[in-house]
Amino acid sequence: MTALLLATRNRGKKRELEHFLSAAGASLRLLSLDDVAAGEDIEETGGTFAENARLKAGHYSRVTGLDTLGDDSGLEVAALGGRPGVLSARYAGPGAGDGERVAKLLDEMRDVADRRARFVSAVCISRRGAALAQFVGTVEGLILREKRGAGGFGYDPLFLFPPLCRTFAELPLAEKNRISHRARALEQVREFIRRGGLEERPLV
Ligand code: IMP
């Protein structure tokens, strides 16, 4: 049976990844950092989502010897030059919650006419410290002037998805999981695994 370590301690994220990847192959066993001896958590010091995904996948695959999937995601706002970007989780400071981050974004965007933004999800799969594959998923939207909807998390209540005229917080979870940046990245991961990307290859 093939094992894949998910470089996360977040149970919600593990469940979401399990949901997506369960269709990749019946013999795939998913583990999280809480299931293995992975040592100290690594810091996300990369300047891009892809770099952070690669850092995490590379580090934990080296430490544990297991094939590892690392991911990083966040919101890029055009008028803010791509901010909050890789700092999406830390945008309003270390102790702040979703409410404070949303309030700060509304404040920064108060007099801004260009409302374009996108969510980005970068994923990297590594083996013994080296990247086997990298994928990126994005979804384009607009930042509203006030919150709408009670579902989702993070910046979802401000993120309008124009094709459905709804924010991500107004969509049922199953619907968001069909169109989100993470879904678009994980669909590529699923395909990679389905095509045998995790099979061991002879060295010569
Ligand atoms: P991470 O990938 O766990 O580091 O998450 C980064 C941050 O980006 C989260 O704390 C959220 O603030 C934001 N983020 C990532 N994905 C989403 C999403 O699907 N909806 C809303 N916010 C998100």
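**View 1. The surroundings of Asp67 in the predicted model****.** Leaving aside its neighbours within four places in sequence, Asp67 is in contact (heavy atoms within 4.5 Å) with Ala3, Leu4, Leu5, Ser126, Arg127 and Leu198. Asp67 is found in the loop between helix 2 (49–64) and strand 3 (68–77), where helices (H or I, at least four residues) and strands (E, at least two) are DSSP runs numbered from the N terminus. With a relative accessible area of 10%, Asp67 is buried, a term that means under 20% relative accessible area, as against exposed at over 50% and partly exposed in between (1.4 Å probe, protein chains only). Its side chain makes a polar contact with the side chain of Arg127 at 2.7 Å; such a contact is a pair of N or O atoms within 3.5 Å, of which, within protein, one must be able to donate a hydrogen and the other to accept it, and residues adjacent in sequence count only if both atoms are side-chain atoms.

**View 2. The sheet and its edges****.** Seven strands form an open sheet of mixed pairing in the order 2-1-3-4-5-6-7, two strands being paired if DSSP finds at least two bridges between them. Strand 2 (28–32) and strand 7 (166–167) stand at the edges with a single partner strand each, so one side of each is left without a neighbour in the sheet.

**View 3. The hairpin of strands 4 and 5****.** Strand 4 (residues 116–127) and strand 5 (residues 130–143) pair in the antiparallel sense over twelve bridges, and Ile125 has Ala133 of strand 5 as its bridge partner. Two residues lie between these strands in the hairpin, and Arg128 in the turn has a positive phi of about 45°. Strand 4 also pairs with strand 3, in the antiparallel sense over ten bridges, with Phe119 in strand 4 as the bridge partner of Leu75.

**View 4. The ligand and its polar neighbours****.** The ligand is surrounded by 14 residues (each with a heavy atom within 4 Å of it), of which the closest are Lys13, Ser73, Asp156, Lys176 and Arg182. A polar side-chain atom of Ser73 lies 2.7 Å from an oxygen atom of the ligand, whereas a backbone N or O atom of Tyr155 lies 3.3 Å from a ligand nitrogen atom.

**Notes on the model.** Residues are numbered from 1 along each chain as its sequence is written, and side-chain values use heavy atoms, with hydrogens and water left out. In this predicted model local features need pLDDT of at least 70 and side-chain atom pairs count only at pLDDT 80 or more, while totals for chains, interfaces and linings use all residues.
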